[in-house]
Amino acid sequence: MRIGIVNDLALAVEALRRAIGRRSEHRIAWTAASGEEAVARCAEDTPDLVLMDLLMPGMGGVEATRQIMARSPCAILVVTASVGGNASLVFEAMGHGAIDAADVPTLGIDDYAGAQELLAKIDLIGRLVGDAPSRQAKKPPMRRSGAKRLVAIGASAGGPAALAELLGGLPAGFPAAIVVVQHIDEKFASSMADWLNRFSANPVRLARPGDRPATGSVLLAGTNEHLVLEPDGALAYTPEPVEQPYRPSVDVFFESINKDWPGEIVGVLLTGMGRDGASGLHSLRMRGHHTIAQDQASSAVYGMPKAAADRGAAVEILPLDRIASKLRLLFGDIRNVAP
């Protein structure tokens, strides 16, 4: 991959150069010391990936991410001195389309682990960039019904902001359980749940093994393993399939609920790079469940929902600001539903 580095600290740039230099297949396209310079560089020479710092003089990484994704979109990985210490800014950047976040590797004899973690994320992004949508869907059968109701949501790049808006549009005591699978490192999942609680009238927390989705609550996948629904109705985490590059995988979760959830499901696929979730959404539709994909205009990154739309996996393709009202209507809560 051709990689752009955005950081105003010489030591950080050197640490990133050394980490990238461990892989002969990657090369540095350019470096920028400010957000303004990064926006200009991307317009002149768009790389495959940008490693974006958050805190810089002048334009910071959040605004630089927003402008790059609007003007010359490419994959962006937030790489900063302390991801945990800047969680709110990380989620803002992800809301504008950044894919993931990592700490800057340290320089010195003990920098191997940090470099390997960064390279693993770069490898995954390389696979996401190369993903393409698949075949078209067939006409679905009639939707089944049931007493238990579930909204299953998948998201990736741009997901935090999209989830904040969607969850913020649902009333307290929403008459369905909600489970969210967002592509995010487990180190940041707890902070993301806390952050989403600022917007959601229904409590958001990490899903724990043995949890059962319940009406009026939001459970967020919280590890780098796949969240699945067991046949007894309890949630669990599993490393299988190990070859699945998306972790946690939306497809894996959607397939599990399609098999073992006893009632009605609405599957929602939001903004994100790659195609994770398209196959699972297609399977839900084929079993008669209602499925929704976010539209291109409102998506920070039109990858995952485009893959779903291209294969006919979505019953409806909606702008983000209409998805919550559609869910309220589907589940019989017509309060304040826009026409």
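Let me start with helix H3, residues 61-71, in this predicted model, where the buried residues are Gly61, Val62, Ala64, Thr65, Gln67, Ile68 and Met69. Those buried residues of H3 pack against four elements that you can pick out on the screen, namely helix H2 at 35-44, strand E3, strand E4 and helix H4 at 87-95. Two of these neighbours, E3 and E4, also join with H3 in a right-handed β-α-β unit.

That brings me to E3 itself, which covers residues 49-52, and whose side chains are worth following one by one. Leu49 and Leu51 point one way from the strand, while Val50 and Met52 point the other way, and all of them are buried. On the side of E4, residues 75-80, the pairing with E3 is parallel and runs over four bridges, and within it Leu51 has Leu77 of E4 as its bridge partner. Strand E1, residues 2-6, likewise pairs with E3 in the parallel sense over four bridges, and there Gly4 stands opposite Val50.

Now let me widen the view to the sheet. In general, the strands of a sheet pair through backbone hydrogen bonds, and they may do so in a parallel or an antiparallel way. Here five strands form an open sheet, in the order E2-E1-E3-E4-E5, and the pairing is parallel. Which strands stand at the edges? They are E2, at 27-32, and E5, at 100-103, and because each has a single partner strand, one side of each is left without a neighbour in the sheet. If we ignore direction, neighbouring strands of this sheet are turned by 25° against each other on average. As for E2, its parallel pairing with E1 extends over five bridges, and one of the matched pairs there is Val6 with Ala32, the latter lying in E2.

Let me turn next to a single residue, Gln116, which is found in helix H5, residues 112-129. Why do we call Gln116 partly exposed? Its relative accessible area is 27%, and we use the term for values that are neither under 20% nor over 50%, so Gln116 falls in between. Gln116 and Asn86 are 30 residues apart in sequence, and their C-alpha atoms are 22 Å apart in space.

The next topic is a pair of helices, H6 at residues 159-168 and H7 at residues 186-196, whose axes come within 10 Å and cross at roughly 35°. The crossing in which H6 passes H7 is right-handed. On the H6 side the contact is made by Pro160, Ala161, Leu163, Ala164 and Leu167, and on the H7 side by Met192, Trp195 and Leu196. Sorted by character, the residues of this contact are eight nonpolar, with no polar and no charged residues.

I will finish with helix H9, residues 278-286, which is mostly covered, since seven of its nine residues are buried. The buried residues are Ala278, Gly280, Leu281, His282, Ser283, Leu284 and Arg285. What covers them includes helix H8 at 250-260, strand E12 at 264-269, strand E13 at 290-294 and helix H10 at 304-310. Finally, just after H9, you can look at Gly288, which takes a positive phi of about 95°.

Definitions and conventions:
Residues are numbered from 1 along each chain as its sequence is written. This is a predicted model: local features need pLDDT of at least 70, side-chain atom pairs count only at pLDDT 80 or more; totals for chains, interfaces and linings use all residues. Side-chain values use heavy atoms; hydrogens and water are left out. Buried means under 20% relative accessible area, exposed over 50%, partly exposed in between (1.4 Å probe, protein chains only). Helices (H or I, at least four residues) and strands (E, at least two) are DSSP runs, numbered from the N terminus. Two strands pair if DSSP finds at least two bridges between them. A crossover is right-handed if, with the strands pointing away from the viewer, the path from the first strand over the helix to the second runs clockwise. Axes are lines fitted to C-alpha atoms, for helices over the stretch in contact, and angles run from 0 to 180 degrees between N-to-C directions. A crossing is left-handed if the near helix is turned anticlockwise from the far one by less than a right angle, and right-handed if clockwise. Contact means heavy atoms within 4.5 Å. Ala, Val, Leu, Ile, Met, Phe, Trp, Tyr, Cys and Pro count as nonpolar, Asp, Glu, Lys and Arg as charged, and the others, Gly among them, as polar.
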